[in-house]
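Me: I'd like a close look at a single part of this protein, please. Could you walk me through it in one go?

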Amino acid sequence: MKRVKFRASRDMTVEELLKENGISRKIIKSLKAKGNIRKDEKIIYLSKMIDEGDFITLIFDDQESSMTPVNIPIKIAYKDDDMMVIDKDYGLSVMSTINLHEDTLLNALQYYLNENNINSKIHIVNRLDRNTTGLMVVAFNRLSASFLNSSLKDTLKRRYYAIVKGILTEKEGIIKNKIAKESEMTVRRCVRNDGKDAITKYKVVKEFGNYSLLDIELLTGRTHQIRVTFSTLGHPLVGDDFYDPDYKESEELMLHSHYIEFIRPSDKKYIELDTGISDRLQHFIDLNS
């Protein structure tokens, strides 16, 4: 059981205090139903006025995970009581699929939690594709997950290194597209007028041979956003088996999540992490320069 306190910065309702602190409607509804919103250990209604300086306590019941633990090594770039940041390896799926059940990052995280006697449920905040490497955020409880998920829109910043085919005419810029599912039967995406807004900021870092190394910042978070965006421009990522018509099976996807900036849920402090360019990408550059 986890207890979290929030202090009112002014006279306000309980509901205003919770929303001001990034608590989602879904969590508020669940806590209310269980009587787990308290003041001085007594249940308090959302519409109740509280005074500046009053404390409201939220009580979160323990969540048990049914995930099978599997001993797969993981690299931890950051960790505290509420969350961690993983530096994910190439070829590791985040969660199970029809053909893959237990050799996933979720299974590896469950093993880590069990070995370290951490009684938590895993919440993935920003998911990476199987062949994308680098930094991704994992929360250990619903409150932290809610806060971090809501911050994806404004304060959680993500940057990637990608190697694309060809030399871009514009060396930096912001690309605005609308990305949609190609069909209900596939995970493939496409640029289409009925899609959701996808905003991608990029800068060319290096040109070598007939390739370009880009530093990309996601201003929105659509599935396959980077891969679809640059394929549509005629510059598919190296090793992209979905969006490069000239893909070769010997190629690895050259996409690495190197930078994350976020506000830590526990104390609202900014945290920055940067792995730099990965060995895989640097090796490709060295071979083709």
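How many bridges join strand 1 to strand 6, and do they run parallel or antiparallel?

Reply: Happy to help, and please keep in mind that this is a predicted model. Strand 1 (residues 2–7) and strand 6 run antiparallel, and six bridges join them. Within that pairing, Val4 has Leu58 of strand 6 as its bridge partner.

Strand 6 also pairs with strand 3 (residues 37–39), again in the antiparallel sense, over two bridges. Here Ile37 stands opposite Leu58. Leu58 is thus a good residue to click on: it is the bridge partner of Val4 and sits opposite Ile37. As for covering, strand 6 spans residues 55–60, and five of its six residues are buried.

Now to the nonpolar cores. The largest has 33 residues, and Ile86, Leu105, Leu109, Ile226, Phe230 and Leu237 touch the most other members. Several elements supply at least two residues each, including strand 8 (83–88), strand 14 (196–208) and helix 5 (225–232). Helix 3 gives the largest share, six residues. Leu109 touches Ile74, Met84, Ile86, Ile122, Ile124 and Val138, leaving aside residues up to four places away in sequence.

Apart from that core lies another, of 19 residues, among them Ala8, Val14, Ile37 and Leu143. Ile37 brings us back to where we started: this member of the 19-residue core is the residue opposite Leu58 in strand 6. In soluble globular proteins, nonpolar side chains tend to be buried together.

Notes. Residues are numbered from 1 along each chain as its sequence is written. This is a predicted model: local features need pLDDT of at least 70, side-chain atom pairs count only at pLDDT 80 or more; totals for chains, interfaces and linings use all residues. Side-chain values use heavy atoms; hydrogens and water are left out. A nonpolar core is a set of buried Ala, Val, Leu, Ile, Met, Phe, Trp, Tyr and Cys residues joined through side-chain atoms within 4.5 Å. Buried means under 20% relative accessible area, exposed over 50%, partly exposed in between (1.4 Å probe, protein chains only). Helices (H or I, at least four residues) and strands (E, at least two) are DSSP runs, numbered from the N terminus. Contact means heavy atoms within 4.5 Å. Two strands pair if DSSP finds at least two bridges between them.
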